[in-house]
Amino acid sequence: MKAIVITHPGAPEVLKIEERPMPTCSADEVLVKVAAAGVNRPDVSQRKGHYPPPAGASPDIPGLEIAGTIIETGATVTRWRVGDKICALVTGGGYAEYCSVPAGQCLPIPGNLSFVEAASLPETFFTVWSNVFDRGKLQRGETLLVHGGSSGIGVAAIQMAKAMGAMVYVTAGTDEKCKFCEDLGAAKAINYKTEDFAEVIKQITNGKGVDVILDMIGGDYTAPNIRSLANDGRLVLINMMMGKDVQVDLSQVMTKRLTITGSTLRARDTAFKAAIAQNLEKTIWPLLASGKIKSIINAVFPAEKAAAAHKLMESSEHIGKIVLEF
């Protein structure tokens, strides 16, 4: 099969097409003929040599989400059949013509979505569900602040949180991105380049603050995040693009009874990911099927143009998801 391979750590140009053996399909897995694969920032980090894959994942074929058609099922798989069209969260190996996936990490493709649209869903939707609803415990009637509102994570979080009855605020880096986020359902989008997000949150919440913050920035955002949380607020960290070393006022954590938590998803076991898949299928998938929640695609590249897709990802000029098509 053809696969997009990280030939050595480096710039986007290190991504090359190579011939690789077909993956095997173990008892609890399905083998998928990949039609499309989503591009995510962890792929960029892996390409640069900063994010080694967990044990058992492909060491040099990136890709954490796919959509395609099942061509083989393992001996213990009961739900899926050859010919089923699915999208799936994978631990790696998604940038290839074929990919094996634990059956529990697969979800049916809603009938109104294409392979490209479906391939944009798993990594971001699994991440948002796990961190906003499971770890952050966002409830109906609460408020959520999402940093990077126009990113793949951001556009998923805006739609999912609003659909679950929360009010969503976001930060973004241009007026165009802010308008997009508000049109998508954010109650307020804050241009972090021209506004102090902590001051804006203080004003629009009448000093109360927000209940949950989903942060992929870290670094210097941490102190204003803590200032922006309401009593009993929850800060959930999923990345640290501005750095891991921070200085915070712990007295605010104590007096406001704050929870600071975070997670990474890739190395979690199949049972954990399968439980998220079940929650998504029950709660979010009907909203995708009805069109209440949409797949937001910024750009689609043929697989052989993976380097160009990574360049766009690193530019941060995109709104929504970037997808490779096989």
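The legends below describe close-up views of a predicted model.

**Figure 1. The largest pocket and its lining.** The largest pocket of the predicted model encloses about 970 Å³ of space. Its lining is made up of 36 residues, and those nearest the centre are Arg41, Pro42, Ser45, Ile238 and Asn239. Four helices each give two or more residues to this lining: H1 (41–47), H3 (122–135), H4 (152–163) and H11 (306–315). Sorted by class, the lining residues comprise 15 nonpolar, 14 polar and seven charged.

**Figure 2. The second largest pocket.** This pocket holds about 490 Å³ of space. Of the 28 residues that line the second largest pocket, Gly56, Ala57, Ser58, Gly92 and Ser100 lie nearest its centre. Two elements, strand S6 (98–102) and helix H9 (270–283), contribute two or more residues each. Strand S6 provides the largest share, with four residues. In the lining of the second largest pocket, 14 residues are nonpolar, eight are polar and six are charged.

**Figure 3. The cavity lined in part by helices H3 and H4.** Rolling a probe the size of a water molecule over the atoms shows where empty space is left. In the whole structure, one cavity of 30 Å³ or more is found. The volume of the largest cavity is about 40 Å³. The residues that line the largest cavity are Ser120, Thr124, Phe125, Gly152, Val155, Ala156, Lys294, Ser295, Ile296 and Lys321. Helices H3 and H4 are the elements that each supply two or more of these residues, and the largest share, three residues, comes from H4. The lining of the largest cavity divides into four nonpolar, four polar and two charged residues.

**Figure 4. The six-stranded parallel sheet and helix H5.** Six strands, in the order S10-S9-S8-S11-S12-S13, form an open sheet with parallel pairing. The edges are strand S10 (188–191) and strand S13 (259–262), each of which pairs on one side only. On average, neighbouring strands of this sheet are turned by 20° against each other, direction ignored. Helix H5 (residues 175–184) packs on the sheet and touches strand S9 (167–172) and S10. The direction of H5 makes about 165° with that of S10. At the S13 edge, strand S12 (residues 229–237) pairs with S13 in the parallel sense over four bridges, and leucine 235 stands opposite isoleucine 260 in S13.

**Figure 5. Lysine 179 on helix H5.** Lysine 179 is located in helix H5. Is this lysine 179 buried or exposed? Lysine 179 counts as exposed because its relative accessibility is 51%, and the exposed class begins over 50%. Lysine 179 and alanine 189 lie 10 residues apart in sequence, and their C-alpha atoms are 7.3 Å apart in space.

**Figure 6. Antiparallel pairing of strands S3, S4 and S5.** Strand S3 (29–39) pairs with strand S4 (residues 65–73) in the antiparallel sense over seven bridges. Within this pairing, isoleucine 70 in S4 is the bridge partner of valine 32. Strand S4 is also joined to strand S5 (residues 85–89) by five bridges, and these two strands run antiparallel. In the pairing with S5, alanine 67 stands opposite cysteine 87.

**Figure 7. The buried residues of helix H11.** Buried residues in H11 are Ala306, Ala307, Ala309, His310, Leu312 and Met313. An α-helix has 3.6 residues a turn, so residues three or four places apart point the same way. The buried residues of H11 pack against strands S1 (2–6), S2 (15–19), S3 (29–39), S14 (297–302) and S15, and also against helix H1. Serine 316 follows H11 and has a positive phi, near 60°.

**Figure 8. Histidine 318 in the loop after helix H11.** Histidine 318 lies in the loop between H11 and strand S15 (321–325). Why does histidine 318 count as buried? Its relative accessibility is 6%, and the buried class covers values under 20%. Apart from neighbours within four places in sequence, histidine 318 is in contact with Arg41, Ser150, Lys177, Asn298, Leu312 and Met313. Among these contacts, Leu312 and Met313 belong to the buried residues of H11, while Arg41 is one of the residues nearest the centre of the largest pocket.

How values were computed
Residues numbered from 1 in each chain as written. Predicted model: local features only at pLDDT ≥ 70, side-chain atom pairs only at ≥ 80, totals over all residues. Heavy atoms only, no water. 1 Å grid on protein atoms, 1.4 Å probe; cavity = no way out; pocket = protein on both sides within 12 Å on 5 of 7 lines; lining within 4 Å. Points joined across faces, edges and corners; volume = space filled by probe spheres on them. Nonpolar A, V, L, I, M, F, W, Y, C, P; charged D, E, K, R; others polar. Pairing = 2+ DSSP bridges. Axes fitted to C-alpha atoms, helices over the stretch in contact; angles between N-to-C directions. Contact = heavy atoms within 4.5 Å. Buried < 20%, exposed > 50% of the residue type's maximum accessible area, 1.4 Å probe, protein only.
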